[in-house]
Amino acid sequence: MRLFTKGIHAVLLLSVVFLLTGCMYAPEEEAIAGLPHPEHLDLVQRAVDTYQADTGGLLPIKTKELETDQYIKYPIEFSMIVPKYTEKIPASAFEKGGLFQYVLMDVEEEPTVKVVDLRMAERIRELNLRKSINNGSVPFHDEIGAGVFEIDFKTMGFKSPLTVQSPYSNVQLPIVVGGDGNFYVDYSIDLNKILMEEKPDVKPGDDIRYLLEDISPVLPAYSRPYTVDEDNELVFMKK
């Protein structure tokens, strides 16, 4: 009887654990480890649209320098829309301890709410810190594209190359360094997969990072522009 009772208790305990795990992924308590919940993106989008209508075209964004990366140029200023236009800041937003920076794209035509994965920024911050320790120099290997080089992580003091989790697939993405000394996430793996499987109509000279924007709310931030050559092979665009 005792064994039977213990078995019942174990089953009940496991049931509670599963229920709690499921609750973690409810919209109102979004799991910060995954993608932002679509409902949260919709709520912020509606708030932005209403704010713009009420203010005669203004947008609830922070001011950034003109040369800022296009994907992080227009971060949303939640204090302008919370609580008047939406009840609270999404749990996935970095302002609430989440992994994502909520931003706007296409601000001139149709302002659209997207997000930037801040794990990318943290990796690059880590590299910049090591770069400053090395007196601002970045040891590198071969050139892998127009003004883009593999990083010599061992010389920089790392046991192995640093990578970041792709927001588009289950792969780890490399980090490279540009001739300008800045670090970039290399999205070649994900873009090549789209080119091979989807065969989109792309032309040499076009920045094809929009292919990633089209499949996810997460933007390919902290990257160099990509295009295709005359053979439809993925290449880095020349700056």
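The paragraphs below go through the nonpolar cores, one buried serine and the largest pocket of this predicted model. Residues are numbered from 1 along each chain as its sequence is written, and side-chain values use heavy atoms, with hydrogens and water left out. Local features need pLDDT of at least 70 and side-chain atom pairs count only at pLDDT 80 or more, whereas totals for chains, interfaces and linings use all residues.

The largest nonpolar core (buried Ala, Val, Leu, Ile, Met, Phe, Trp, Tyr and Cys residues joined through side-chain atoms within 4.5 Å; buried means under 20% relative accessible area with a 1.4 Å probe, protein chains only) has 40 residues, and Leu127, Ile151, Phe183, Tyr187 and Ile208 have the most contacts inside it. Strand E6 (residues 172-178) gives the largest share of this core, 4 residues; strands are DSSP runs of at least two residues and helices of at least four, numbered from the N terminus. Beyond its neighbours within four places in sequence, Ile151 is in contact (heavy atoms within 4.5 Å) with residues including Leu127, Val138, Phe140, Met156 and Phe183. Another core, of 18 residues, lies apart from the largest one, and Val44, Tyr51, Val107 and Val113 are among its members.

Ser92 is placed in the loop between helix H2 (38-54) and strand E1 (100-105), and it counts as buried because its relative accessibility is 0%.

Turning to the largest pocket, helix H3 (118-133) and strand E7 (183-185) each supply at least two residues of its lining, and H3 gives the largest share, 4 residues.

Terms used:
Buried < 20%, exposed > 50% of the residue type's maximum accessible area, 1.4 Å probe, protein only.
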